[in-house]
Structures are given as structure tokens and as C-alpha cells.
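User: I am new to reading protein models. Please take me through one part of this one in close detail.

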Amino acid sequence: MKTTRLSNYLHKNREEKYSHFFSLSLDLLCIAGFDGYFKYLNPVWLKILGWSNQELLDKPFIEFVHPEDRKNTILESQKLTDSVDTICFENRYLCRDGSYKWLSWNATPFSKEKLIYAVARDITTTKENEITLQKTIQELEAFKFALNTHSLVAITDLKGRITYANDLFCEVSKYSREELLGQDHRIINSGYHSQEFFANLWKTISQGKIWKGEIKNRAKDGTFYWVDTLITPLLGAECKPYQYVSIRTDITQRKLSELALLERSRLSVLSAEMSFALSQSGTLSEIMQDCINKISQHLDIALVCIWTCERQTEHLELQAGVQCQDTKCSTLKNTQDFPEHVILANNIMVGMAQNYQPIFNEEITLHTQEYLTTNLSAYPLIIEHKLIGLMALFSHQLFTEATHNLLNWIANNIAVAIDRIWAREELLSRREALLLRLASQIRSSLDLDTILEIAVTEIRSLLQIDRCYFLRFLPNIAQHCLTITHEAIDLSLPKMLGEVSVQNNDWLVKALLNQELICIDNIKDNFLLSQDTPAILSEFGITSQLLLPVKSHSGEFSAIVCSHCRGERVWSQSDIVLLQAVTDQLAIAIDHAQLYIQSRETALAAQAQAEKLAQTLHQLQQTQSQLIQHEKMSSLGQLVAGVAHEINNPVNFIHGNISHAKEYIQDILELVNLYQEYYPNPQSAIQTFTEEIDLDFITDDLEKILSSMNMGTNRIREIVLSLRNFSRLDEAEKKLVDIHEGIDNTLLILHHRWKNSGIGLGISLIKEYGELPLVDCYPGQLNQVFMNILTNAIDALEESVINGTTNTNAQIHIRTELLDNNFVSIRIADNGAGMTEEIKNRLFDPFFTTKAVGKGTGLGLSISYQIIVEKHGGILQCLSELGKGTEFCIQIPVK
């Protein structure tokens, strides 16, 4: 008996241990039947898949398998039913959240029991890592293919010897792989980069850092190519490099484009600077030196010079030169330091005198202390098919075609500038330099009379003539008018100032209209017959005359006329040219003077317009005052409407009770009469009538009626008093008032609107009054502000209710407080529909309103703003958002 009990105990204990092991296992343990359903599952299933045991037991286990794995799972299960001892396979199981877990299975069948005992393990992380690894391998293969297709790849050892080169590297460098392997990168060094450049490169990569930059290399055939280079060190033990991987991208075309763009930009700047330099004033040497300096700044040259031919001896004369060594350029001062260049320049001039063609990138050798090979480019300076000089440039680098074209253009412009400078120097060397100074004096004034007076006076003095005058012709008036406005004459001669007859002076009119120059050295030679001699010439004894038209843009025709009265005066070409220059300057001065006069007239007109606008503004201000008064009357109308409404109720109340009081009094009087008639012993009739009229009730009710009438009259008194307090017509000056009293009086006037507007509005009024001192203000005007803001709030709430844009009860919230800056704050807010930012920005503009026509003038808030800000020195602001209501904030000083 004891043995059996012990055996049962041991068996039970063993089962509990097995059950404990089964439930605590970290693997997914299960027992499934050959019918495709789970029979038993340990708790880990819930933890890993999220399904409860019952949910897994209720369905065939194949429904939880991923659709792509079901066929393989069925085949493996079939092996178990066919008495295969053990199977191992993998599949994906559906989780409760819709995701899948990878499970690795080991299963054994028990054919007699038709059961399958299986153990599964979650291998999701392992499988995902395998998939990621596989994908990475594929990506690396693709990257390697792309890298070899589009990049020049090379691997070097620590000493820089090439150990690997891909096909594209060989193709671009023009070297075979056998020629590259074992060599260092000096095999493709172009010599373009400095030693410091490569020292910095090696310093970077030897420290285990990545180097990136652009390198210019030389191919086997001597051509150059640019590569964008990335050198990555591969690190071994102790994080030290053991080889370097160089990945290059061919950017030759891009660099060539950049260099071409840079060259175009540099040449454009040089062109602009040369144009500016040639437009400046100065001596020939100064201007030429400035040009040479510009060329040396923008072009890589060793020496640049400009020679000109001396006009008498035809020998070359150095005008300017610059010598450059490394990056420093200096002005060439002593030509003896470069004797070969002078000889070469003379030889070039001899050759150019035959064909006038430039020399471009010609290689020459100069016999200096060392034999020096350089490139020569020379350009002839030609004016009117005459060779006047030479510009020569010596450089170590070849110039491009674009540079050559620009230098050719520069040479042509330098030649024009030289010719202009020579002509100017020749002009200035003569006495006519005084005339040019005269032109400057003429243009320095904006007064037309002063300009013309200076012109005729100085011209006469300069040319030593008898008479110089300014002639004007106005063809646009009703009668042609030929007038001499200014003149300078010999004191012995009569004056010609004033109008000149057009008759017999048609030639003058014609000359002025056609802008012709008339040069008469001797009248006798030009007008052989006396009847053909112009009247003006014979009248004033003029024997010689020069007329030069003044070509201004003023719309009139005028001329400077120089005349002589003492025989022949030969007008030289020099006289004519210089006087033409003066008339050109005079025309500009006249235009400037006319513009000045027009500007003054415009300014005067603008001033008159401004005065007119000021007058209009004053009228508008008066109109605004009238509109303000109109707005006040409109507010007063609202007050009267409110008072009428409020008075109407108590009056009707009194009126309705008067008839009853009258009947009661008549009954009482009749009763009294009956008492008088039958007194002292009342009869049954009296007694009956007394009962019919209920004398006790009448006596009691009569008192109530009279009381009600008293209340009605009191109500009327209060309303009238409130109306008086609101309007404060007797308080136009500032005084100390109670702000709360003004708000309450306004609310009382508007009681009929906020209490019940006729549409069932029933606005809730919330007042949060703080402790305020008496405020020094204009009470009537301040009440008008309260009226305007509260009326707008009620209108906004009515519109919200009618349009159905609010789902809350209509409310007006009034809050007052005393601020720290000794200001009183009054905030009036409603919970209406609010307003847009555009409307809010225009809210205080005069005549702006959002109400229908006839319902508002658009002045209420504008006037309120003036009352608060201008009258009281306060602040009026509006805070509003669509759907969040509107709040007006008023701040006024206590004193």
C-alpha cells in the first residue's frame, strides 16, 4: 500500500516537472494531429505570434502559414504522415498584427496516436540578416560594375606604386595595364600642381584620412586631362593604412568649359576696363600706360609694350610698357634694358608696313644671358590706312583665338584713341583753347540770358570781330518773328537788338530752318547786285559774316552770328570748327536752361497744386466734421428709438389699468350714493350690489393698481434720467466721471436690443467691473464710443444667429480694470462670427462698412478712434479671428 502510494506520488511529481518544462520552454512546442489541427500549444505561441491558444486551435494550422510557404509545408507534413522519422524545414507564420515570423521546425510523428510532436524556433532576425546580406552582396556587385564603368580606379601600396588599374584608367591615360603596374603616380604627373599640393595630399592619406580634390594629369600621348579624385586609405592593424584606393572621375570637358567661361569672363572684364581707360582724359603716355596695366592684370604675359611712330621722323617711340616676373608686374621705364625687344619692334614695323597684318603666337628666341624661347603676338595700330604704331606682347603661354580677337579689337581702339589724343593736343596747343574754356563757362550757368550774354561777349573778344549776336526765329507763332536777343558790338557801331524784318531777309529764315552754315568772307563777292544784298547786311554796314546754327531741342531755330564791318574777313576752317564746338556746347546749355525753366514751372505748378490740395483737405475736414455730427445725430436717433420703446411699455401698462380704476371708482361712488340714499339702514339692494362688485376686492385691488401706476411712472423717470445721463448735453467739457455709470446707462438705452431683439436672441450680458477711480474725460463722447461698439457687437451677434454661424449662446462680455501705467482698460467682447484680417485692418477707416446700404455710414468706429486716440490720448484696438468673436480694447488715461 505504501509502495503504490509512493509510486503514484513520484509519477505525479514527474508529470508536473514535464508540464513545468513544457510551459517554460523558450521554443514554440506543439502537438498537432494528422487532421491538420493543433492539439496542444505552450504559452510561447501567444508571446511570439500574438494569437491565443484557442484562436490557434480553432483553425487548421495551414491557414496561419504564409501563402508562399503553404505548398512546401503541406509536402513536409505529408512526409510525417508517411512515417518519416523526423523532418526539418522553415516557413513563415502569420502574427496577430498582420506581420510574419520565420520559424525553423523539427517535427516527429507518432503514427499510432496520429499525432505530430514539433518544436519551432523564431529565426526571423537571422533570416532578415541573411536577406539583407544577400541584398548587400548584390548591391556591392552592382556598385563595382558601376564604379568600373564610370570611374578610373587604381590601388597603390604605401609607397604609391600602382598595384591595380581598371580598364577605364588605362583608356583615359593611354597606358596599358602592364605599363602602369609597378609604377607610381608620377608617370601621369602633368607638372601643373606644386610640390606643396602633393605634400598635403600624402600627409592627409598617410594619417588615415580621405583626400578629395581635382588633379590635372598628363596622358601617354602628351595630352592633358582633369579628374575629380577621391583617395581612400584602407586601414589595417592599429588603424594604419596598408594601401590606398583612388577613385577618379574624368571632368576634362567640364574643366575646359569652366576655363573657357573663366576666359570669356576675364576678357569681358578686360574689354570693359579698356573701354573705360580709353574714355578717360590725360596725356598719351598716361592713357597708354593705363591700358597696358589693364592688359597685364588680366593676361599671362612676360612683357607688353606700345610704340608709336614719331610724326616727323617716323622713328618708333615707346609710349608705355609693363614687365612681369612670376606674379609681380612693374612699369617699364628704361628701354635699354630690353634692346632686343626694340630691334624686334622695328623689324615687326617694317613687315607690318607691307601687309598691315597682326602676328599671332609666333615662337621666337631672345638672345639674352640665357637663350629664352617665348611667344610673340603683335598688332598694328592703324588710322585711315596709315600705320601709326605697334602693340607687342611676349608670353610663355599660347593665347587663345578669343584672346587674339580681343587684342585685335583693343589695338584698333588704341589707334583711334591715339589719333583722338593727337588731335586734341594739336587743338589745345592753339589759341582756340580759350574758346573751349568759354564753352565750359557757358555750360556752368542755368540762366539762359547769362549763357547767351557770355557767349556773344567772349566770342567777339576771342575772334577780335566787330559784332557777335544771337539770332532767334520762332516759326510757330501767328506771324513769323526774327529776333536778335543778345549782342556784343564795337561801341562805335549801332545796336541791332530787337525784331528784324523778315522781308528781304528770307535767306536768314531759310538758313535757320535748314540749319545751314553761312560763311561770307566778303559781301561784294557774294552779292554782286545791290538789290540782292540782304537788308540786314546793308542796313548795318556788314561786310563779312559767319552764321553757325545752334541745334538745340527747344523747338526754336537760332544761330550765333559773327560779323565784320571793316572790309573782308576770311573765316578759316579752324575758326569754323572751333565755333561749331562752341555752338554744340551752347545748344546743350540752352537745353539745360530750358529744362531748368520747365522744372521751375513744374515746381511752381506743383506748389499751386499742393496749395489747392491743402484747401481741398480743409474742405474735406469740414465735411468730415459735418459727417461726425451726422453720426452723432444717428446715434441720438438710436437713443430716441430705445427710449420710445422703453417708455411705450409703462405707458401702456398705466393706460391699461386706468379703465379698470375708472370703473372701480364709479362703482364705489355709486355705492356711496346708495349708502347716502338708504343710510343709515342699508337695504337689500345695497347689500346685493355690494356683494356683486365685491367691495373688499375693489378696495384692495385699487391700491395695487395705483401702486402699479406709480411703478410705471418711476420707470419712465429712470429712462428719461438715463437718456439725460447718456447724452450729457450739459457736459461738453472734461470732468471726472464714473466709467461704469456711462456703460450702464448705454446698456439701459440698448436694453430693448440685447434683452430681446425680436428674433429670440436674448444676449447674455457678463460684467466684470474692477475698482476704478473717477476718470477725467469727455463723458458724452465716451458714451458715444460705448454706444458704437456695443451696437456693432449686437449687430454681429444678430447676424451670427440669423446666418446660423454660431452654436453657442450669444454673449457680450464687459471687463474693466486699472492698469499699472495709470490707464483705465475697458474690454468689450462678443462671441459672434469674428472678422477677416483684411476687414480688421480697414476697420477704423472712414466710410468703411460691412453693413448693407442704408444700415451704416462707416463712420462710427472711425469717430470712436478719433475720440479715444486724439481726444483722450488713449488706445483703441480690435482683436478678432474668424469663428472666435471680436474684442475691442479701450485704454484711456485716468487724468
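To set the scene, what percentage of the 895 residues in the chain do buried residues make up? Then please look closely at helix 23 and what it packs against.

Analyst: This is a predicted model. Buried residues make up 40% of the 895 residues in the chain. The chain has 25 helices and 29 strands. Take its contacts with a separation of 6 or more: residues 24 or more positions apart account for 56% of them.

Now to helix 23. This helix covers residues 779-803. Two of its partners are helix 25 and helix 21.

Start with helix 25, residues 860-871. Helix 23 and helix 25 pack at an angle of about 140 degrees. Their axes are 9 Å apart. The angle makes helix 23 oblique to helix 25. To see why, recall the cut-off: only angles over 145 degrees count as roughly antiparallel. The crossing of these two helices is left-handed.

Which residues meet here? Helix 23 brings Q781, L782, Q784, V785, N788, I789 and N792. Helix 25 brings G860, L861, I863, S864, I867, I868 and K871. Sorted by class, this contact has seven nonpolar, six polar and one charged residues.

Look at two residues on the helix 23 side. Q781 sits in helix 23. Its relative accessibility is 17%, so Q781 counts as buried; the cut-off for buried is under 20%. Set aside its neighbours within four places in sequence. Q781 is then in contact with I867, K871 and H872. Of these, I867 and K871 are in the helix 25 list above.

N792 also belongs to helix 23. Its relative accessibility is 23%, so N792 counts as partly exposed. N792 can also be placed against D830. The two are 38 residues apart in sequence. In space they are 9.7 Å apart, C-alpha to C-alpha.

Next comes helix 21, residues 739-749. The axes of helix 21 and helix 23 come within 9 Å. They cross at roughly 45 degrees. That angle makes helix 21 oblique to helix 23. Helix 21 passes helix 23 in a right-handed crossing.

On the helix 21 side, the contact uses I739, G742, I743, T746, L747 and I749. On the helix 23 side, it uses L782, N783, F786, M787 and L790. By class, there are eight nonpolar, three polar and no charged residues. L782 deserves a second look. L782 is listed in the contact with helix 21, and L782 is also listed in the contact with helix 25.

For contrast, here is another kind of packing in the chain: aromatic rings. A pair of aromatic rings is described by the distance of the centres and the angle of the planes. With a limit of 6.5 Å between ring centres, the count comes to eleven aromatic pairs. Take W202 and Y244. Their ring centres are 5.8 Å apart and their planes stand at 85 degrees, so the pair is edge-to-face. W202 lies in helix 8 (residues 195-206) and Y244 in strand 10 (residues 241-250), so the pair ties together parts that are 42 residues apart in sequence. W202 has 35% relative accessibility and counts as partly exposed. Y244 has 5% and counts as buried. Elsewhere, F38, W45, F61, F89, Y93 and W105 form one aromatic cluster.

Back to helix 23 for a recap. Helix 23 is oblique to helix 25, and helix 21 is oblique to helix 23. The crossing with helix 25 is left-handed, while the one with helix 21 is right-handed.

Terms used
Residues are numbered from 1 along each chain as its sequence is written. This is a predicted model: local features need pLDDT of at least 70, side-chain atom pairs count only at pLDDT 80 or more; totals for chains, interfaces and linings use all residues. Side-chain values use heavy atoms; hydrogens and water are left out. Axes are lines fitted to C-alpha atoms, for helices over the stretch in contact, and angles run from 0 to 180 degrees between N-to-C directions. Helices (H or I, at least four residues) and strands (E, at least two) are DSSP runs, numbered from the N terminus. Angles under 35 degrees count as roughly parallel, over 145 as roughly antiparallel, 65 to 115 as roughly perpendicular and the rest as oblique. A crossing is left-handed if the near helix is turned anticlockwise from the far one by less than a right angle, and right-handed if clockwise. Contact means heavy atoms within 4.5 Å. Ala, Val, Leu, Ile, Met, Phe, Trp, Tyr, Cys and Pro count as nonpolar, Asp, Glu, Lys and Arg as charged, and the others, Gly among them, as polar. Rings of Phe, Tyr and Trp (its six-membered ring) pair if their centres lie within 6.5 Å; planes under 30 degrees apart count as stacked, over 60 as edge-to-face and the rest as tilted. Buried means under 20% relative accessible area, exposed over 50%, partly exposed in between (1.4 Å probe, protein chains only).
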